[in-house]
Amino acid sequence: MRIKTRSQRVLTARRNLVELLLASHPDDCMYCIRNRQCILLSLSSELGIHQRPYRSSRRERRWPDVSGAGLVRDPDKCVLCGKCVRICDERQSVTALELTRRGRNTRVATAFDKSIAVSRCVHCGQCALNCPTAALSEHSAVREVMEAVVNPTQAVIACVAPAVAVSLGEEFGQRTGADLGGKMVTALRLAGFDAVFDLAHAVDLAVIETATDLANRLQSGESRPLITSSCPASVLFLEQFFPDLLPSLSTCRSPQQIMGALVKRAWADSRGLDPERVTCVTVSSCTAGKLEAGRPEMRQQFRPDVDHVLTTREIAQLFRLCGLDPVRLDTGAFDQPFSGGSSAAAITAVSGGWTEAVLRTAHWLMTGSEPRDPRWRTVRGTAGLRESRVMLGNNEVGVAAVSGLGRVRVLMNEIRRGRSDLAFIEIMACEGGCVGGGGQPLSSTSEMTRSRARSLYRLDQEESVRFAHANQAAMDLVRKTREGMGGNWNRALFRTVYQQREVPL
Amino acid sequence: VLCNVDPADPGSMVHRVLMESDPHRVLEGLLLASYAVGATKAIFVVPARPTLAADRMDAALEQARRYRLAGSNILNSGFGVDVQIRPGTGQYLAGEDTALIHSLEGRRGSPRPCPPHPAQRGLFGKPTVIHCPETLAAVATLFRLDGQRDPTAPEGSGEIRGIPTRIVSITGKVRRPGLVEVPEGTSLRDVVTLMAGGPLPGTTIKALQVGGPAGQVVPESQLDVFRVGLPMGTPNRHVGSQTVVVLDEGTCMVELCRFLATFLESESCGKCIPCREGTHRIRETLDAVLAGFDEPGEHDPLWRFRSVMKLQELGDVMRETSMCNLGRHGADVLLASLKSFRDEFETHVFHKRCLAETSGSQGATHDPSGGQRPVAGSPGRHDGSVVPAGGRGRSAHLVSPRGADSHGVLPNVRRRSRGRTGSGTLVLCPGVGRDAHQDTFAARSDSPQESRGVAAGQSSR
């Protein structure tokens with residue numbers, strides 16, 4: 001069969017369909033957050049639509065729903081393609097979004113058409129990543145961050161996650177997976193950030209804590225599996241849909257919140273800085289992190305540990321605002337004392353990376369020696385769920401790494417039904433892990449996600465410090481907190497609590 | 001096996017009359033069909049509110065169960081089929097195969113692309129065969145004929161004795177509106193002139209609107225060409241033909257198109273772009289045409305010309321790109337009218353007046369508001385008050401063509417073709433023609449009971 005994709009019939013049909021979409025679409029492209037990146041706009045330009053074929057329906061503009069900490073919904077911009085609904089339902093199994101009403105009144109809406117803040121949305125951001133228009137987008141914090149940056153009385157700290165380093169290049173015309181880590185540090189300094197810390201440092205701390213938990217569980221004969229708590233969207237997912245499994249969830253904070261607590265509660269104090277005058281900004285690929293930063297247990301005296309979270313898309317916008325092209329800059333180094341992490345921390349941005357990093361350190365904790373080859377190939381790969389049995393000392397341990405909330409749900413249901421052969425489960429809300437995060441450059445494909453992951457594994461291959469516990473500064477910090485030495489340096493910096501959450505439907 | 005009776009509610013008398021008068025035959029057909037395909041479950045989808053048809057089907061099923069003709073191990077044959085009666089959603093689109101399946105599964109009643117066809121993956125993922133009551137009744141009749149060959153048929157053609165009959169509902173400007181059972185192949189002219197008694201006194205037939213809102217318009221000149229139950233024209237233009245609305249010279253075709261477009265706009269599921277946006281823009285453009293383009297900026301003749309040219313293009317695109325038959329045939333009436341009655345459109349667009357007004361013996365008058373905010377029930381007004389905006393609270397004068405033929409495999413023994421949404425529906429267009437609201441049911445004095453029931457059922461919705 002021959003299918004013609006450029007016949008007159010096809011072209012007429014395509015042009016007419018886009019004309020129909022445009023006729024019901026608001027004409028405020030210049031005010032649109034997706035300006036320059038809109039698929040509808042590029043379609044209309046490709047098809048050469050330069051005239052209005054229909055009377056513009058003068059529909060009153062509705063305000064977007066900005067109640068969500070991580071995501072903004074602007075239903076007026078929606079072209080009803082239904083991608084968000086399918087991703088939310090089929091891939092993420094959250095079903096926060098659904099098509100309601102019918103005909104021309106069809107709309108994408110949350111349960112009872114209430115705001116996104118009270119919906120069951122976990123803010124993973126996969127819908128925004130795939131939305132062709134600006135109907136779904138991240139809740140931008142660029143303006144707030146810039147206000148803090150230009151404020152001379154505020155010390156603004158940027159903490160950069162490894163997943164951003166390998167995806168930022170795409171926003172500046174680099175090939176997918178290009179490592180811009182060092183250049184980004186320079187760009188952040190030039191943009192006016194007072195200090196740039198490596199979030200990998202906090203990842204190392206979290207890995208050490210989690211590995212300790214795992215070793216303790218194995219030694220105490222605890223039957224429940226240990227579930228990682230590094231992914232804020234997954235934590236919210238468990239709190240909402242699997243509250244009975246919360247005791248299995250590691251009480252370790254996510255790296256972002258460990259870093260925030262360290263900076264605000266301990267580092268500022270040791271530097272003689274008023275925490276009020278310190279603004280902690282995380283740069284990550286996560287939209288759920290925006291929500292996590294606002295959680296009440298992540299605050300001290302009404303002061304959030306992390307003030308703002310910028311996604312990859314937002315930091316690229318901030319650089320453009322400042323006229324910076326990180327590609328052309330020199331490589332810079334992170335600031336002390338959180339200047340660097342092990343390469344085990346870097347690969348945690350990939351699904352399976354957490355498992356690998358934790359296994360490396362747990363092996364050392366349980367046997368006293370490091371494995372000859374630090375790679376655990378069985379937990380790597382592109383499948384959404386990878387289970388394997390690994391040897392930790394004398395124990396054979398079942399581990400699973402799962403990404404995508406739909407698969408997380410399947411596995412959690414198995415655990416709920418009494419499955420007990422797994423001792424360690426890594427859950428990631430976004431397919432492929434943080435490299436496929438909801439805050440990554442728009443229209444990211446799974447191929448791009450894999451490419452970023454390969455880049456991080458290559459980094460791991462070239463790095464000399466490949467174990468979280470080999471990060472000397474991190475180990476010192478862990479010892480310091482365990483022994484309760486020195487004022488604010490205590491274990492509360494690393495730990496958090498969870499609670500069941502009631503959500504509509 | 002699914003049997004969709006839901007369209008048998010007010011809109012489609014054809015199914016309803018069958019279910020009310022001979023439920024056993026439909027049930028027998030359903031059982032035979034289940035046996036043929038090896039189905040263990042069969043479902044009648046009936047209107048959600050109590051109707052006589054559903055009651056009778058219930059009773060028939062109860063009787064069949066009592067005599068062990070339905071249920072497990074029918075007549076000790078080892079074959080069993082569980083027949084259920086389920087309420088439908090009453091949605092027009094739930095007549096489409098996949099939309100019906102979705103609504104039965106409790107999902108949105110919107111269609112999905114085929115393949116996989118329902119026969120491959122249907123209700124709850126199981127292979128599903130969907131037929132309308134008329135087909136099933138015909139199956140039962142066939143078995144009663146017991147395969148006797150038609151002596152007059154050519155050797156080897158396999159034709160079976162007796163000519164299948166179809167039920168046709170005729171409404172509009174005829175002397176005797178109602179339901180008639182005719183042999184397949186009867187021409188529409190015979191149906192209208194012989195069965196329905198021809199046009200009302202003092203009027204002449206201008207065209208027929210057949211097959212419901214997503215059906216077709218047949219101009220008077222082609223009445224002999226179109227025959228009941230047989231496919232006519234190109235595959236895109238086939239005619240459901242079970243409902244016939246007779247239009248006289250006083251009927252404005254633009255108004256008719258607008259009325260049907262309004263209905264389709266309110267019944268579109270909103271899934272695919274051409275149908276969701278296309279039906280809306282067609283209705284909008286026709287509104288503007290009928291209002292005489294009185295919005296600011298619309299007086300420009302070039303704009304007017306373009307907007308009507310766009311109608312043609314839009315109709316073609318809907319036909320090419322829609323996912324289901326609602327959108328695919330949604331513009332058929334418009335396209336056929338544009339072809340056969342172009343002069344009426346042109347007079348409306350360029351002279352801002354209605355040809356039907358002058359040609360009819362008693363002129364139809366256009367409401368100056370163009371039906372945007374119609375005054376319901378003002379007799380003699382050509383006011384388009386048939387379906388107020390939003391599609392709710394329809395006037396009791398309108399027998400809404402709600403249900404659609406479940407699938408449209410016509411009960412034709414020699415041919416099995418995939419059918420269309422919209423056949424088997426009956427529509428009265430009070431906005432069409434002069435003395436609009438008086439003749440809807442009052443004229444049907446031959447079946448007052450039925451019409452009252454219909455009107456009551458409609459207004460209670």
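Me: A polar contact is a pair of N or O atoms within 3.5 Å, where one must be able to donate a hydrogen and the other to accept it. How many residue pairs are in polar contact across the interface of chain A and chain B?

Reply: Happy to start there, with the reminder that this model is predicted. By that rule, 17 residue pairs are in polar contact across the interface of chain A and chain B, both residues being at pLDDT 80 or more. On the side of chain A that touches chain B, α1 (8–23) and β2 (98–100) each supply at least two residues. The largest share of that side, ten residues, comes from α1(A).

Me: What makes Glu320(B) and Arg9(A) a salt bridge?

Reply: The closest N and O atoms of Glu320(B) and Arg9(A) are 2.6 Å apart. The cut-off is 4 Å between a side-chain nitrogen of Lys or Arg and a carboxyl oxygen of Asp or Glu, so the pair qualifies. Between chain A and chain B the count is five salt bridges.

Me: And why are Glu138(A) and Arg313(A) called a salt bridge?

Reply: Here the N to O distance is 2.7 Å, and because the limit is 4 Å, Glu138(A) and Arg313(A) meet the rule too. This pair links distant parts of the chain: Glu138(A) sits in strand β4 (residues 136–138) and Arg313(A) in helix α13 (residues 312–321), 175 residues apart.

Me: How much area do chain A and chain B bury between them?

Reply: About 2,400 Å², with 51% of it on carbon and sulfur atoms. In chain A, the residues that lose the most area to chain B are Arg55(A), Arg102(A) and Arg104(A), together 32% of what that side buries. The contact takes 27 residues from each of chain A and chain B.

Me: Let's turn to the sheet. Why is one side of β6 and of β11 of chain A left without a neighbour?

Reply: The four strands form an open sheet in the order β6-β5-β8-β11 (chain A), with parallel pairing. β6 (195–198) and β11 (308–310) stand at the edges with a single partner strand each, so one side of each has no neighbour in the sheet. From one strand to the next, the twist averages 25°.

Me: How do you know that β8 of chain A is joined to β11(A)?

Reply: Pairing needs at least two bridges, and three join β8 (residues 278–283) to β11(A), so these two strands count as paired. Val283(A) stands opposite Leu310(A) in β11(A).

Me: Which strands does helix α9 of chain A lie across?

Reply: Helix α9 (residues 199–220) lies across β5 (155–160), β6 and β8 of chain A, running at about 35° to β6(A).

Technical notes:
Residues are numbered from 1 along each chain as its sequence is written. Chains are lettered from A and ligands numbered from 1 in the order in which they are written. This is a predicted model: local features need pLDDT of at least 70, side-chain atom pairs count only at pLDDT 80 or more; totals for chains, interfaces and linings use all residues. Side-chain values use heavy atoms; hydrogens and water are left out. Axes are lines fitted to C-alpha atoms, for helices over the stretch in contact, and angles run from 0 to 180 degrees between N-to-C directions. Contact means heavy atoms within 4.5 Å. Buried area is the accessible area (1.4 Å probe) that two parts lose on being put together, summed over both. A polar contact is a pair of N or O atoms within 3.5 Å; within protein, one must be able to donate a hydrogen and the other to accept it, and residues adjacent in sequence count only if both atoms are side-chain atoms.
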